[in-house]
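Reader: I've got a model open and I'd like to check some of the labels people put on it. Mind if I keep asking how each one is justified?

Author: Go ahead, and let's look at it together.

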Amino acid sequence: MRMIDIIETKKRKETLSKEQIDFAVNGYTGGEIPDYQMSALLMAVYLNGMNPRETRDLTLSMAASGDQMDLSGIKGVKVDKHSTGGVGDKTSMVIGPIVAACGVPVAKMSGRGLGHTGGTIDKLESIPGFETMLAPEQFISQTNKIGMCLVGQTGNLTPADKKIYALRDVTATVDNLSLIASSIMSKKIAAGADAILLDVKTGSGAFMKTKEEAAALAKEMITIGKNAGRKTAALITNMDVPLGNAIGNALEVIEATQTLRGEGPHDLETLCLELAAAMLELAGKGTETDCRAMAQEALTSGRALEKWKEVVKAQGGDSAYIEDLSLFPKAEIIRPYRAARSGYLDRFDTEACGIAACMLGAGRETKEDTIDFRAGIVLLKKLGDYVEEGEPIAMFHTSSEQQFLEASRKMETAVTISGQVPQPKPLIYAKLTEAGL
Ligand code: URA
């Protein structure tokens, strides 16, 4: 078999066999197939798509590319959650501690930033000392001991996704249903949880721009989960506006911690409570109403915040930063981005907002780029707010004038100000389970 023939097949819009998919995945993971050939295949898949059978074969091939976790040593129903990616999406750092504080073990494997979206692992690494690369034994023993562990693709877990994810990030091949479904579900299957909650984002800041695309992605991932013997459910949630106010790594750790203290933005807190309740329900902790009450209690009582501190400490992070958020280093330039005219904030192009945050230093443009953990955006105004000309809409955190100017130019395309108050949109559109919508 030759990689060039596999690329040719997809270029001609034909379907790939399981053997061809395994050949490409294993060859790339093993280093025999170079980046340029895999990039060409990814772009052919991006442009010409994959059918559900190819998507499932790709998922299983990636899941089998490395070790598979056996979490049977952890007591209770292990629930994992994964977001399809958004701007300002720091929910894992809030939901994990809430769910763990309710007695449900959270053994979660997360990713790095992808395209215009941030990744939990990059965010966690902005806490000095926080170790995201734990050996599988440590992952299991920490979850057993304190009920929660947050890791990256450590050891030899889904090495195929690790490599393909990094390549997609810099080759404009992210927002494709088959590539997203296989990336997420391969990690979830290999990470070994019994149940999986998917937060499928839709809107201007999501990879799936319409509710229909998001529903199709959710259904595909639920089917893959079900076939792999994992109880899987999905919420379809709004990403037409950044979630919360902070975008950027350390800025998001700060906001997640504030939310656990009960001082976070309303949209973020509401979504986190709903997602946490859905995870508790998947774990069999009770009805939707019981689980909502349980999640709320864990947050209000401060038990979730205590769990977060425990996790930070257990993974080597300096918990002084969580106790005193002012310890996080600040960017050299912290400057307002101002409204060009008076009116209502009518529309956010949230993807452009995410790109502006990357331009400030919060994301990568090449695989080798390093992230400036301090960089990003803190929104002062959200959709529907009235602003006067010249009033600050957001604070930009960066390290150079040039980055500030480039990001400001990008932000001009991200914000629409008009005379009309926009129609409010729901935070959660739908819940899908194996049984249907
Ligand atoms: N999250 C992932 O892990 N992979 C994707 O492709 C998108 C979001």
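Reader: Why is Ala172 called exposed?

Author: Keep in mind first that this is a predicted model. Ala172 has a relative accessible area of 56%, and exposed means over 50%, so the label fits. You'll find Ala172 in the loop between H8 and helix H9 (177-191).

Reader: What is phi of Ala172 near?

Author: Phi of Ala172 is near 55°, a positive value in a residue other than glycine. Thr158 is another non-glycine with a positive phi, about 35°. Thr158 sits in the loop between strand E3 (148-151) and helix H8 (159-169).

Reader: Is Thr158 buried or exposed, and how do you know?

Author: Its relative accessibility is 0%. Buried means under 20%, so Thr158 counts as buried.

Reader: What makes the contact between Glu220 and Arg56 a salt bridge?

Author: The N to O value for their side chains is 3.1 Å. The rule asks for a Lys or Arg side-chain nitrogen within 4 Å of an Asp or Glu carboxyl oxygen, so this pair passes. Glu220 lies in helix H10 (residues 211-227) and Arg56 in helix H4 (residues 52-63), so the pair ties together parts that are 164 residues apart in sequence.

Reader: How do you know whether Glu220 is buried, and what about Arg56?

Author: Glu220 has 9% relative accessibility, under the 20% cut-off, so it is buried. Arg56 comes out at 27%, between 20% and 50%, so Arg56 is partly exposed.

Reader: How many salt bridges does the rule give?

Author: The count comes to 33 salt bridges. One of them joins Arg292 and Glu274, with the closest N and O atoms 2.6 Å apart. That pair links helix H13 (residues 288-300), where Arg292 lies, to helix H12 (residues 266-282), home of Glu274, across 18 residues of sequence. Both residues also belong to a network of salt bridges with Glu281, Glu288 and Lys431.

Reader: And what makes Glu401 and Arg335 a salt bridge?

Author: Their side chains meet at 2.8 Å, N to O, and the limit is 4 Å, so they qualify. Glu401 is in helix H17 (residues 401-414) and Arg335 in strand E7 (residues 333-338), 66 residues apart.

Reader: Why is Glu401 called partly exposed?

Author: Glu401 has a relative accessible area of 43%, which falls between the 20% and 50% cut-offs, so partly exposed is the right label.

Reader: How do you know that the length of H11 agrees with what a helix should span?

Author: H11 (residues 249-260) has 12 residues, and at 1.5 Å a residue they should span 16 Å. The end C-alpha atoms are 17 Å apart, which agrees.

Reader: What makes H11 mostly covered?

Author: In H11, 11 of its 12 residues are buried, among them Leu251, Val253 and Ile254. The helix is followed by Gly262, whose phi is positive, near 85°.

Reader: Which residues form the negative surface patch?

Author: That patch is made by Glu365, Glu368, Asp369 and Glu406. Glu365 lies in the loop between helix H16 (350-362) and strand E9 (376-379).

Reader: Why does Glu365 count as exposed?

Author: Its relative accessible area is 63%, and exposed means over 50%, so Glu365 earns the label.

Technical notes:
Residues are numbered from 1 along each chain as its sequence is written. This is a predicted model: local features need pLDDT of at least 70, side-chain atom pairs count only at pLDDT 80 or more; totals for chains, interfaces and linings use all residues. Side-chain values use heavy atoms; hydrogens and water are left out. Patches are made of residues with over 30% relative accessible area and no salt bridge: like charges are joined within 9 Å, nonpolar side chains (Val, Leu, Ile, Met, Phe, Trp, Tyr) within 5 Å. Accessible areas come from the Shrake-Rupley method with a 1.4 Å probe; for residues, only the protein chains shown count as cover. Lys and Arg count as positive and Asp and Glu as negative; His and the chain ends are not counted. The place of a charge is taken as NZ of Lys, CZ of Arg, CG of Asp or CD of Glu. Helices (H or I, at least four residues) and strands (E, at least two) are DSSP runs, numbered from the N terminus. Buried means under 20% relative accessible area, exposed over 50%, partly exposed in between (1.4 Å probe, protein chains only). The expected span of a helix is 1.5 Å times one less than its number of residues.
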